[in-house]
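Student: Could you show me how to read the spaces inside a protein model, and the surroundings of a ligand?

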Amino acid sequence: MGVVNVTPDSFSDGGRWADTPAAVAHGRHLVADGADVLDIGGESTRPGATRPLVAEELARVVPVIEALAADGAVVSVDTMRAEVARAAVAAGAAVVNDVSGGLADPAMLDVVAASGATYVAMHWRAHSDRMQDLASYDGPGGVVTAVVEELGERAEAARAAGIPAERLVLDPGLGFAKRGEHNWDLLAGLDEVAALGYPLLVGASRKSFLGALLADADGEPRPVDGREVAGHALTLVLAQRGVWGVRVHDVRGARDVLRVWERTR
Ligand code: PMM
């Protein structure tokens, strides 16, 4: 899944594809690089981000989705809003990627159920302006047990709303209400998340836990543009564990890694 952030402020590529022509061109580039799905987002979820108005989010994503879906690309919309999800599916999106797993908008699950779209439900606790305050997992089993429990509840809610199992994908939500070590614990315990019985999508590309891992001798985190190789290493690990998808910025590099892996099997 290749990322197209139509936002001025996303943490790794904010502003680069912020207008329709640039975003459409970027989406086409990602398809040429081998993306199976394009994830179009109009709201930045970086820690501390404030939310755009609904009209603004619609104006960012709908024309991009229309153009890329008309090309024949499989398009996903990255949104927490039912109204945006509905408009995106009408514009040709086949997947609704909701980082809140239905918690941010009470109408979301019903809209997705009625739309026929595939639904990605991610583990989430709060909007970006306060999510890191909720990054504590002190119960038995730590972050893995908490994510399995909370994500399992979201899956049940999605099913109860009428989204069939074959249209549901779960995501552990790396970096969302998670501190560095929580992300690594979740990756180590991913089999427990998979045991919920749904396909998994994982988004690790360029995230700050990779920057921290690659910090220099003074403890200075590796900047965003130096994290790509680590992300690709993770793509390989995740492919070997059988995930359904990886959400990445550099599709060509991820595709190269997967080709090598496939060729060795
Ligand atoms: N991460 C971001 C945005 N959307 N969606 C899913 N399903 N999983 C993620 O991990 C995820 C997401 C934030 O990353 P970006 O700002 O680079 O898009």
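Tutor: A polar contact is a pair of N or O atoms within 3.5 Å; within protein, one must be able to donate a hydrogen and the other to accept it, and residues adjacent in sequence count only if both atoms are side-chain atoms. Here, a polar side-chain atom of H249 lies 2.8 Å from an oxygen atom of the ligand. The protein buries 98% of the 420 Å² that the ligand exposes when taken alone, with accessible areas coming from the Shrake-Rupley method with a 1.4 Å probe, where for residues only the protein chains shown count as cover.

Student: What should I keep in mind about the model and its numbering?

Tutor: This is a predicted model, in which local features need pLDDT of at least 70 and side-chain atom pairs count only at pLDDT 80 or more, while totals for chains, interfaces and linings use all residues. Residues are numbered from 1 along each chain as its sequence is written, and side-chain values use heavy atoms, with hydrogens and water left out.

Student: Which residues come nearest to the ligand?

Tutor: A residue is near a molecule or strand if one of its heavy atoms lies within 4 Å of it. There are 17 residues around the ligand, and D78, N97, D171, K207 and H249 come nearest. For D78, a polar side-chain atom lies 2.8 Å from a nitrogen atom of the ligand, and for K207, an N or O atom in the side chain is 2.7 Å from an oxygen atom of the ligand.

Student: How is empty space found, and how many cavities of 30 Å³ or more are there?

Tutor: Rolling a probe the size of a water molecule over the atoms shows where empty space is left. On a 1 Å grid over the protein atoms alone, a cavity is a set of points where a 1.4 Å probe fits but cannot get out, and a pocket is an open set with protein on both sides within 12 Å along at least five of seven lines; lining residues have an atom within 4 Å of a point. Grid points are joined across faces, edges and corners, and a volume is the space filled by probe spheres set on the points. A search of the whole structure gives two such cavities of 30 Å³ or more: the largest has a volume of about 80 Å³, and the second largest holds about 40 Å³.

Student: What lines the largest cavity?

Tutor: Its lining has 13 residues, of which S205, G231, T235, R247 and V248 lie nearest the centre of the largest cavity.
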